[in-house]
Amino acid sequence: MTPALALERLMLHPAYDRFVEYARTVMPVGLVDQADAAATEAHAILADAAVRLADGKGKGMSAGDLPGWLRLGLLDTLSAFAAGRATTCRHNPDATRPRPVLAAAWRPGMVVCPGCAHLLSLKHDPVADAVCDSCGRQCAGVEHDDGIYPGMVQLGPLIYQYGTCGDCRPTIASGNPLSGPLPAEQGTPRGTGRVQPRTRRGRSRGKGGQR
Ligand SMILES: [Zn+2]
Ligand SMILES: [Zn+2]
């Protein structure tokens, strides 16, 4: 079993919350605090993006709310990062020094700091930008009513971006706007600054009109 599959099984287990509570009691206190701070900061970045992209209601969700392809991609990236196998930006984000980091379904194995979000951008690759991260279909484009719907999810310090065709959009059963349809964003290039900390790109509302 791969680490990602093992993690997935763990997270979908009914006793997962109790496991996390237990893990926190046996982890070094300093590391728990650092991890908490990183997760809180990552959540703030995500919530800020939610305010700009959707109706501003960033809600929590559980692993079971995510479709399998998204959950596995996320866990694969997280386990590669934790094992030091991920390709990173030059700032060398490291899982042992928790702080917010970004990754994307279309760049497997790459983890960057928020300041290096451009490394994940598909702005200059319109062909790749039109490919659904779930089914791999090449979409015809928003002008044919067949654009890509971007979204992002957070797990701990990691913000994971993805883009899907209309058929593969995750449902919003959890009420998480970031895993649901974001029509205002449809058809715009992925990874072009939506997850910048508010101090950097707070002026822009999403990336509409910045093509
Ligand atoms: Zn960086
Ligand atoms: Zn699809």
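Two residues are in contact here when heavy atoms of each lie within 4.5 Å. Among such contacts in the chain between residues at least 6 apart in sequence, 62% join residues at least 24 apart. The model is a predicted one. Its chain has 211 residues, and 45% of them are buried. The surface that the chain exposes comes to about 10,600 Å², with carbon and sulfur atoms supplying 55% of that area.

Six helices and five strands make up the secondary structure of the chain. Their order along the sequence is α-α-α-α-β-β-β-α-β-β-α. The five strands form an open sheet of mixed pairing, and across the sheet they are ordered E1-E3-E2-E5-E4. Strand E1 (87–88) and strand E4 (149–155) each have a single partner strand, so they stand at the edges and one side of each has no neighbour in the sheet.

The sheet can be walked through from the E1 edge. E1 pairs with strand E3 (residues 107–112) in the parallel sense, over two bridges. Thr87 has Met110 of E3 as its bridge partner. Further along, E2 and E5 are also joined in the parallel sense, over four bridges, and Ala104 stands opposite Gln161 in E5. At the other edge the sense is antiparallel, with seven bridges between E4 and E5. Pro150 has Gly163 of E5 as its bridge partner. E4 and E5 form a hairpin with two residues between the strands, and Gly156 in this hairpin has a positive phi near 60°.

Strand E5 deserves a separate look. Seven of its seven residues are buried, so E5 is largely enclosed by the rest of the structure. Leu158, Tyr160, Tyr162 and Thr164 point to one side of the strand, while Ile159, Gln161 and Gly163 point to the other, and all of these are buried. Gln161, the residue opposite Ala104, and Gly163, the bridge partner of Pro150, thus point the same way from E5. Helix H4 (residues 68–82) lies across E5 (158–164), and also across strand E2 (101–104), E3 and E4. The helix runs at about 145° to E5.

The remaining feature is the metal site. The zinc ion (ligand 1) is coordinated by Cys89 through SG, His91 through ND1, and Cys113 and Cys116 through SG, at 2.0 to 2.3 Å. Along the chain these donors have the spacing C-x1-H-x21-C-x2-C. The angles among the four donor atoms are 97 to 117°. Four donors count as tetrahedral if all angles lie between 85 and 135 degrees, and the site of the zinc ion (ligand 1) is tetrahedral. For comparison, the ideal angle for four tetrahedral donors is 109.5 degrees.

Two of the coordinating residues fall into separate accessibility classes. A residue is buried under 20% relative accessible area and exposed over 50%, with partly exposed in between. Cys89, at 2%, is therefore buried, while His91, at 37%, is partly exposed. Gly115 is located in the loop between E3 and helix H5 (126–129). Its relative accessibility is 29%, so Gly115 also counts as partly exposed. Gly115 and His91 are 24 residues apart in sequence, and their C-alpha atoms are 9.3 Å apart in space.

Technical notes:
Residues numbered from 1 in each chain as written. Chains lettered and ligands numbered in written order. Predicted model: local features only at pLDDT ≥ 70, side-chain atom pairs only at ≥ 80, totals over all residues. Heavy atoms only, no water. Pairing = 2+ DSSP bridges. Axes fitted to C-alpha atoms, helices over the stretch in contact; angles between N-to-C directions. Donors = N, O, S within 2.8 Å, 3.2 Å for Na, K, Ca; no water. Tetrahedral: all angles 85-135°; square planar, octahedral: opposite > 155°, others 65-115°. Buried < 20%, exposed > 50% of the residue type's maximum accessible area, 1.4 Å probe, protein only. Areas by Shrake-Rupley, 256 points an atom, 1.4 Å probe, with all protein chains shown as cover.
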